[in-house]
Amino acid sequence: MQGRERERKEPSEFNVIVKCKDLIKHTFTITNSTERFPKKYRFTLVNRIQDKAIDIYECALEANELNLLDAQERQKRAELQAQALTYCKELLFFIELSHEQGFINASSCEYWSKLALDVKYMIAAWKKRDKTRA
């Protein structure tokens, strides 16, 4: 009975993946604005920010595809989760830097940071759950 209930409650897509996609969409919306980010920062800061958001998604997606029953894949999954956490920290720094440089205001910084932190905390909890399953 519990298994069936669990299956019905499972979303069609892993929640952290959905959150990663939301983070990417918001990141691109914010950074594609030339009023916020002048063109001279396009190839330095903006590309790095966009790449980090995509990297987080790719790590989470790849980690989710791996089989926990296979020791090598379990190890690779833990590594991808750890890499995603590092990318989250890097993205959070770039968001903070964007605010400090005056490209985004405090409320944009707060909202964007919350999206990144939600992903970070979800990946950390996922990594912890995997550890207890091993």
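**Exercise 1. Determine whether Phe37 and Phe103 are buried or exposed in this predicted model, and characterise the pairing of their rings.**

Solution. Phe37 has a relative accessibility of 0% and therefore counts as buried. For Phe103 the value is 9%; since buried means under 20%, Phe103 is buried as well.

The two rings form an aromatic pair with centres 5.2 Å apart and planes at 40° to one another. This angle is neither under 30 nor over 60 degrees, so the pair counts as tilted.

Next, place the partners in the chain. Phe37 belongs to the loop between H2 and helix H3 (42–65), and Phe103 to the loop between helix H4 (71–100) and H5. The pair thus links distant parts of the chain, 66 residues apart. Ring pairs also bring in Tyr41, giving a cluster of Phe37, Tyr41 and Phe103.

**Exercise 2. State how many aromatic pairs the model contains, and analyse the one formed by Phe14 and Trp126.**

Solution. The count comes to four aromatic pairs. In one of them, Phe14 and Trp126 lie 4.9 Å apart centre to centre, with 70° between the planes. Because an angle over 60 degrees counts as edge-to-face, that is the class of this pair.

Phe14 sits in the loop between helix H1 (2–9) and helix H2 (15–31), whereas Trp126 sits in helix H5 (residues 106–133), so the pair ties together parts that are 112 residues apart in sequence.

The partners are then compared by accessibility. Phe14 is partly exposed, at 27% relative accessible area, while Trp126, at 2%, counts as buried.

**Exercise 3. Describe the packing of H3 against H4, and locate Gln83 within it.**

Solution. Two packed helices are described by the angle between their axes and the distance between the axes. For H3 and H4 the angle is about 155° and the axes are 8 Å apart. Angles over 145 degrees count as roughly antiparallel, so H3 is roughly antiparallel to H4. Their crossing is left-handed.

The contact residues come next. Those of H3 include Leu45, Ile49, Ile56 and Cys59, and those of H4 include Leu80, Gln83, Ala84 and Phe94. By class, the contact of H3 with H4 has 13 nonpolar, four polar and six charged residues.

Finally, consider Gln83, which lies in helix H4. Gln83 is partly exposed, with a relative accessible area of 31%. The C-alpha atoms of Gln83 and Ile56 are separated by 7.9 Å, although the two residues are 27 residues apart along the chain.

Note on methods
Residues numbered from 1 in each chain as written. Predicted model: local features only at pLDDT ≥ 70, side-chain atom pairs only at ≥ 80, totals over all residues. Heavy atoms only, no water. Phe/Tyr/Trp six-rings, centres within 6.5 Å; stacked < 30°, edge-to-face > 60°. Helix = DSSP H or I, 4+ residues; strand = E, 2+ residues; numbered from the N terminus. Buried < 20%, exposed > 50% of the residue type's maximum accessible area, 1.4 Å probe, protein only. Axes fitted to C-alpha atoms, helices over the stretch in contact; angles between N-to-C directions. Parallel < 35°, antiparallel > 145°, perpendicular 65-115°, else oblique. Left-handed = near helix turned anticlockwise from the far one by under 90°. Contact = heavy atoms within 4.5 Å. Nonpolar A, V, L, I, M, F, W, Y, C, P; charged D, E, K, R; others polar.
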